[in-house]
Amino acid sequence: MGKQSSIVFSPMDIGSQGTHASQPRNDAGWRDARALIDGFDGRLNIAFEAVDRHVLAGHGAQTAIRFLKKNGGHEDMTYEDLQTQTSRFADVLTRNGLSPGDSVFGLMGRVPELYVCALGALKAGLVFTPLFSAFGPEPIRTRMEIGSARVLVTTAAIYKRKIAAWRHELESLKLVLILGDSAPEGCVALKDAMAPASTSFETVRMDPESPALIHFTSGTTGKPKGAVHVHNAVIYHAFSGRRALDLTPGTKYWCTADPGWVTGTSYGIISPLVNRVTMIVDEAEFDLDRWYGTLEREKIEVWYSAPTAIRMMMREGAEAAAPYDFSALRFLGSVGEPLNPEAVVWSEKVFGLPFHDNWWQTETGGIMIANQPGMTVKPGSMGKPLPGIEAGIVERSGDGLREVPRGDIGELALRPGWPSMMRTYLHEQARYDKCFRDGWYLSGDLAFCDEDGYFWFVGRADDLIKTSGHLIGPFEVESALIEHQAVAEAGVIGVPDETAGEIVKAYVTLNPGCEPTETLEQDIRGHARKKLGPAVAPREILFRNTLPKTRSGKIMRRLLKARELGLPEGDISTLETDET
Ligand code: ATP
Ligand code: MG
């Protein structure tokens with residue numbers, strides 16, 4: 001894609017000279033962000049923007065990814081290594097008869113091969129889908145069926161346990177590549193396939209509107225949907241990484257999300273590499289000392305995580321962080337669930353910086369609303385729309401939509417048109433079409449916008465509680481509950497009640513050392529009543545050891561409710577379990 005004349009900033013002038021979060025920002029919108037990518041004369045490819053062009057520009061020796069191994073030690077991959085490996089993988093795919101548009105699934109942990117496969121598949125013009133390695137056989141099969149998988153890249157252990165039994169029933173599947181140098185029967189060892197492959201594969205120049213990635217939603221509210229994203233999305237990934245996360249060339253960056261959900265790909269692969277950062281990928285799961293140690297040792301500057309992890313840190317107390325040096329940190333971001341105000345206050349105490357909440361969805365492909373670098377953070381707010389993004393709060397009236405007055409609660413809607421927006425739900429066009437009305441994309445989330453233009457999350461439309469004429473968002477109640485010193489996490493639902501319509505019921509987990517007694521329950525209820533008033537405070541509080549969550553760390557309130565009411569649990573394919 002040729003550079004446009006209306007360039008407001010160039011890839012070099014933002015941040016490369018040590019921009020700091022507190023500096024005022026250029027307000028150029030995403031339309032100007034085409035200047036941040038190179039493209040090829042009207043065509044483009046995400047992999048070229050993320051990898052090849054940096055090598056061509058002389059940055060091949062820069063570390064692109066440092067992989068922290070589960071059992072200690074690390075492996076570094078430079079941009080040049082990444083270019084070589086992704087070219088080899090693209091060559092393997094084409095030599096096996098695959099062509100642009102074919103679908104490649106990756107099913108493995110956060111190991112180097114995952115990143116090579118994702119970018120190599122894109123390089124060859126194929127469509128990539130990352131899946132959580134911890135999914136059981138059924139969720140894997142369903143998603144591979146929906147995505148008509150032609151290639152699967154996985155480990156021998158996963159293959160034997162979860163795939164082998166049904167592999168031949170999936171007719172579309174032509175090639176199974178296995179990590180390492182040996183493979184079960186009917187599969188090919190990735191190492192053997194890669195060794196003779198060409199390192200000079202020519203990146204396929206794609207139509208910007210051609211599919212690049214399929215991401216399945218988290219399944220918090222129901223059956224996961226397959227959102228289709230195109231190569232053109234890279235423009236928005238380049239832009240939003242800079243604008244919302246302060247990613248600049250050379251930034252030491254750590255995104256804790258797994259590529260099995262959209263954050264781990266948009267901001268765990270594409271956006272950081274397009275912005276030529278040096279990123280950390282940790283193969284291991286959350287461990288407090290490991291995480292604090294990583295921030296210190298790797299001198300992480302920008303850190304992107306999620307409320308569920310932040311609450312786990314808070315549970316262990318500020319003392320656990322005291323021995324560590326976090327002075328390299330300059331920006332903290334959070335996404336995936338509402339970030340309780342308490343968490344923002346806590347992070348200022350522990351890291352000397354607030355977590356910056358931002359909001360987006362699998363469907364939007366990129367960050368839409370954010371507490372952006374340089375902006376005053378309002379704890380509990382999601383921030384403001386990124387430049388070029390128009391957000392509104394609407395309600396349905398008659399057969400149309402109307403924007404509600406400032407401060408009123410309504411559905412969060414966006415004016416479509418940014419490059420990383422999904423192009424359809426795979427095989428569910430009607431469901432996709434239903435998301436659009438009167439020129440708006442309807443998010444399914446409820447929010448309000450304050451006088452200063454900050455957006456505040458209220459709850460998912462499905463989770464809203466109607467009690468004695470009040471509308472209550474669970475987030476407000478949960479945030480008040482976790483301010484109680486004994487409460488670690490809270491999930492709040494409405495349960496039917498003859499007089500009130502619904503009553504508010506809370507499920508809470510406790511901090512270490514706190515006993516689930518009746519006195520404590522009364523004390524927490526008293527605290528909530530004082531904070532929220534009797535109409536909004538939970539009528540009942542139940543103690544739990546854990547709350548049901550998706551694998552991407554979201555509390556599944558619909559499951560709390562189904563279990564409470566003895567109703568069918570619905571699709572639980574993304575429910576977190578101990579199975580690996
Ligand atoms: P499904 O659509 O399958 O029910 P899901 O909506 O959880 O699952 P995702 O696309 O992974 O799937 O998550 C997007 C949703 O997560 C948003 O619609 C919103 O409800 C919630 N979310 C994300 N970020 C934030 C945030 N900063 N504050 C509040 N909610 C958030
Ligand atoms: Mg959703």
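Colleague: Hi! How many disulfides does the count come to here?
Modeller: Hello! This is a predicted model, and the count of disulfides in it comes to 0.

Colleague: Remind me, what is a disulfide?
Modeller: It is a covalent bond that joins the sulfur atoms of two cysteines.

Colleague: Okay, and which cysteine sulfur is nearest to that of C117?
Modeller: That would be the sulfur of C187, 14 Å away, and C117 is in no disulfide.

Colleague: Why no bond for C187?
Modeller: Its closest cysteine sulfur, in C117, is 14 Å off, so the distance is too far for a bond. A pair would have to sit within 2.5 Å to count as a disulfide.

Colleague: Is C117 buried or exposed?
Modeller: C117 is buried, because its relative accessible area is 1%. C187 counts as buried too, with 13% relative accessibility. The cut-off for buried is under 20%.

Colleague: Nice. Let's switch to helices. At what angle do α1 and α3 pack?
Modeller: Helix α1, residues 46-56, packs against helix α3, residues 112-123, at an angle of about 120°. Their axes are 8 Å apart, and the crossing is left-handed.

Colleague: Which residues make the contact?
Modeller: From α1 you have I46, A47, A50, V51 and D52, while α3 brings L119, L122 and K123. Sorted by class, the contact has 6 nonpolar residues, 2 charged ones and no polar ones.

Colleague: What about α13, how many of its residues are buried?
Modeller: In helix α13, residues 474-482, 8 of the 9 residues are buried, so the helix is largely enclosed by the rest of the structure. The buried ones are P474, F475, V477, E478, S479, A480, L481 and I482.

Colleague: I also clicked on R243. Where does it lie?
Modeller: R243 lies in helix α7, which covers residues 233-245. R243 is buried, with a relative accessible area of 8%.

Colleague: And which side chain does the side chain of R243 make a polar contact with?
Modeller: The partner is the side chain of Q372, at 2.9 Å.

Colleague: Last topic: what is the phi of D41?
Modeller: D41 has a positive phi of about 45°, although it is not a glycine. You'll find D41 in the segment before α1, and it is exposed, with a relative accessible area of 76%.

Colleague: And what is phi near in D438?
Modeller: For D438, phi is near 50°, again positive in a residue other than glycine. D438 lies in the loop between β21 (436-437) and β22 (440-449). At 45% relative accessibility, D438 counts as partly exposed.

Colleague: Great, thanks!

Conventions: Residues numbered from 1 in each chain as written. Chains lettered and ligands numbered in written order. Predicted model: local features only at pLDDT ≥ 70, side-chain atom pairs only at ≥ 80, totals over all residues. Heavy atoms only, no water. Helix = DSSP H or I, 4+ residues; strand = E, 2+ residues; numbered from the N terminus. Buried < 20%, exposed > 50% of the residue type's maximum accessible area, 1.4 Å probe, protein only. Polar contact = N/O pair within 3.5 Å; in protein donor to acceptor, adjacent residues only side chain to side chain. Axes fitted to C-alpha atoms, helices over the stretch in contact; angles between N-to-C directions. Left-handed = near helix turned anticlockwise from the far one by under 90°. Contact = heavy atoms within 4.5 Å. Nonpolar A, V, L, I, M, F, W, Y, C, P; charged D, E, K, R; others polar.
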